[in-house]
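The exercises that follow ask you to read strands, cores and contacts from a protein model, one step at a time. Look at the sequence and the structure first, and then try each task before you read its solution.

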Amino acid sequence: MPRVTRRRFLQIGGAALAAGAVPKGIADAMELEAGGRSYNYARVAEDRKKTAFTVSPFAKLKTPQQVFLENGQVVSAAGFLNHPATRGRSAAIDAVAHLTAGDPDRVLHPLKREGNRGENRWKRISWQEALAEIAKAVEVATAQSGAASVWLVRGEDTADGAWKRYMHTLGSPSIVSLANDGGKKTGQKLTWGEEIEVPDFANARYILNFGSNLYETFPAHAAAVADGRAERHAKLVTFDPRMSMTAGLSDEWVPVLPGSDGLVALAMANVIMQEGLADTAFINTWTNVSAEKLRAHLSQFTLEAAEKESGIKAAVIKRIAIEFATEKPATVFSYRGASSHTNGTDTERALMLLPIVTGNVEVKGGYCLPRRIRWDDVKPVPPIPATRKEGIGGALFPHAAKTGKVKVGVLFNYNTNPAHSAAAAPYWREVLKDEKAVPFMVAIATHMSETAALADIVLPDATYLESNEPVSSPSSLFPWLGVRTVVATAPGEVRELKVILRDIVHTLDKEGSPGMKRYWDFQDPVEWLSKCVDSIPRLKADGGLDAIRANGPWPHYGALDGKTGKVLDGDGKPLKAEYGKHRKAGFATASKKIEIHCESLRQLGLPPLPVWRKAKNLAVAQGKEKGSFAFITFKTAYQAGFTTENNKYLVEKDHHNHCFINKKSATAMDIRDGDLIRIASSVGYLVTKARVTQSIHPQVVAMAGGHGHNAVGRVARMESRKRPEWVAAAEDPDIRFNLWWEDKGVNPNEIMPLFADTASGSTAMSFVVTVEKARTGDKYGDIKTDVAVHEAFFKNAVEWL
């Protein structure tokens, strides 16, 4: 067997993991340390003496895992073979994400800022000191300005909603969510009462994919699409300005101009209605508008208008619409590429019309409601504050804090890094440095991110391998529940989030008189997890937490059949899904129907029926159309937040983010592959290298996010020769001596002006730029921005919203 290096492993990693497990021969040949002395983290299950089950947090739809342990530490991870959705598949990032637990750049002890914010001067303090300072700050803020002056800026919450419970315990509604799928979630929620769909790809004959790279980032969906294409000969059509892996593997790639997906969908729906291909019975029975009213409304969205805005020929749009309506069953999937614009909510509602008007809702091979297993909140549950701010206008938080529109006494930061990854990142940094705008800030994190570096107190957080919580994710039509339990010993003084929040509450309420302590009355987080699990009667009867620990996710649907690649039930037969969920209790809306006409949008002064409005973030000033490009950002399969951006194996595979530019466009500007280019937006410019390709729309340029760090760790910063900043559990000589690359990439969020979706408040992640060859004196990585101009965009966004 030839020797396989870790570079070779990562080269094959994405494709191999998408298709199945890493071949045993390749895995066993791979050595991570000269002479074969180290463990091989890609070895297969039979080589492991002890295994455990968990759920990786990095994919949007969470991936059940089987992890393998040696000497009490996780050394390998693989997808769970008997899971009905993933069947052992996992994203490349999941295969090595467990190594974050042993990252020598982790924060291991509570830290307190010394000097001014941003100077990166810290001193180690005890947990008792940290909790006392935080409790005092919360008490002062609450006494002076009320509980609502305690704010949380977060990414995704924990699966058991620990942060929501904590904020409600304090009586604060002030939660800002910076997840970039707000437009999608809002559009879904307003239309049928759920925030996500579950397409039955495996049984579909036609699949429309808008703005999603599902082959790389949704392992369960990738498996189902593969089934549908192999067994049903399903046609996969992807609308995306960039040829992602999914677009490249589709039967048809349609390079659409960013922000126009919604208009294309409305024009397609119009064709379906006008051609008599709609399921009028479904529309009249299960939506809150009549088929005639919908037909009249859609008539304004013509093929000609769609062609003008999207760049797609009218004949192509019409053909695809007719194919979708006639090749039943058919389904649709979309994600951030389509909805991360100022018209994101409108776009998602327009895309949902396609399965609705064709009656492909809750049918085999169609567009289905999510299936989840829900557990009860641990009793007692804190009351919900009267005024809710969760997720609404979250993009505007820094401007509201700076101008005093909202009062901030204490700010908690968790699972997001806006000082680097948010739109207008320089403006976020300026506000977070301002002690008048944010008097006291606490970051709870595994690593010292750019945002954590601006905090007053940094608390060391546990990884998913060091935590306890239930997880259920709507990744297929077979609902499941898994658990994360402590399978690796947390280093240093690391504590898991629930314990940290409990300890803050107990410090605030030592005697129990304010009544907060009772909401966090547990000694051990396993006790908390057991209460969640035992609230599900069938699971409790099947053995509860012990059963999941021993066997993996519940319920046990069957076992993977090696010949068919399917999970078969106890009788050796394929699993059968249930359809028609809406027929039992309707949809989760006020009317119990799909609300094509949305009353809540009307009350906000927005169009109640699905419409298309040109994305403000992509508007080009008159007379400047020539030379302007739509700039889009995207995530690769090797990124999932700042913790993974310091993972040496993932960064080795994906360490720079040169700008994709179409070959024809580049040639017109005499730009060659690898040339330095200057990309300028309304707020500044950056200098990077051109990646000339034919795999992107001629009017679009693109860069991956998650690069160009000045914090997080030595791998992310590309400062491998330095020693760990914090007291490391163990140094990694591989970081110091074997990192061969020097390019850490450039952060495009520095020049991203703030635009927000009117309905959801979610940030738009694309904007207009000009591109030119680098000027004299320009150097790779140069960035120049004007914070005052950034602020002007925030002011404009306030007026729009």
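Keep in mind throughout that this is a predicted model.

**Exercise 1. A hairpin**

Task: Find the bridge partner of Gln66 in strand 3, and describe how strand 2 and strand 3 pair.

Solution: Begin with the residue itself, since in strand 3 the partner of Gln66 is Ala78. Next, take the two strands as a whole: strand 2 (residues 63-70) pairs with strand 3 (residues 73-79) in the antiparallel sense, and six bridges join them. Then look at the connection, where two residues lie between the strands of this hairpin, and where Asn71 in the turn has a positive phi of about 55°. Finally, consider the surroundings of strand 3, which is mostly covered, with five of its seven residues buried.

**Exercise 2. The open sheet**

Task: Work out in which order the seven strands of the open sheet are arranged, and which strands stand at the edges.

Solution: Reading across the sheet, the order is 5-4-16-15-14-6-7, and the pairing is mixed. Strand 5 (122-124) and strand 7 (175-177) each have a single partner strand, so one side of each is left without a neighbour in the sheet. From one strand to the next, the twist averages 20°. Helix 4 (residues 127-145) packs on this sheet and touches strands 4, 6, 14, 15 and 16, its direction making about 130° with that of strand 16. Helix 5 (residues 162-170) also packs on the sheet, touching strands 6, 7, 14 and 15, and its direction makes about 170° with that of strand 6.

**Exercise 3. A strand inside the sheet**

Task: Explain why strand 15 (residues 441-445) is described as largely enclosed.

Solution: First check the burial, using the cut-off of under 20% relative accessible area. Five of the five residues of strand 15 are buried, so the strand is largely enclosed by the rest of the structure. Then sort the side chains by direction: Met441, Ala443 and Ala445 point one way, while Val442 and Ile444 point the other way. In a regular strand, such alternation between the two faces of the sheet is the general rule. Lastly, turn to the pairing, in which strand 14 (residues 410-414) runs parallel to strand 15 and is joined to it by four bridges, with Met441 as the bridge partner of Leu411. Strand 16 (residues 457-460) likewise pairs with strand 15 in the parallel sense over four bridges, and Val458 is the partner of Ala443.

**Exercise 4. Core and loop**

Task: Establish how many residues the largest nonpolar core has, and whether Ser340 is buried or exposed.

Solution: The largest nonpolar core has 61 residues, and Leu411 and Val458 are among those with the most contacts inside it. Helix 19 (residues 425-433) gives the most to this core, with four residues. Apart from it lies another core, of 55 residues, including Ala306 and Leu351. For Ser340, start from its position in the loop between helix 15 (336-339) and helix 16 (344-357). Its relative accessible area is 5%, so Ser340 is buried. Beyond its neighbours within four places in sequence, Ser340 is in contact with Asn180, Thr763, Ala764, Met765 and Ser766.

Terms used. Residues numbered from 1 in each chain as written. Predicted model: local features only at pLDDT ≥ 70, side-chain atom pairs only at ≥ 80, totals over all residues. Heavy atoms only, no water. Buried < 20%, exposed > 50% of the residue type's maximum accessible area, 1.4 Å probe, protein only. Pairing = 2+ DSSP bridges. Core = buried A, V, L, I, M, F, W, Y, C linked by side-chain atoms within 4.5 Å. Contact = heavy atoms within 4.5 Å. Axes fitted to C-alpha atoms, helices over the stretch in contact; angles between N-to-C directions.
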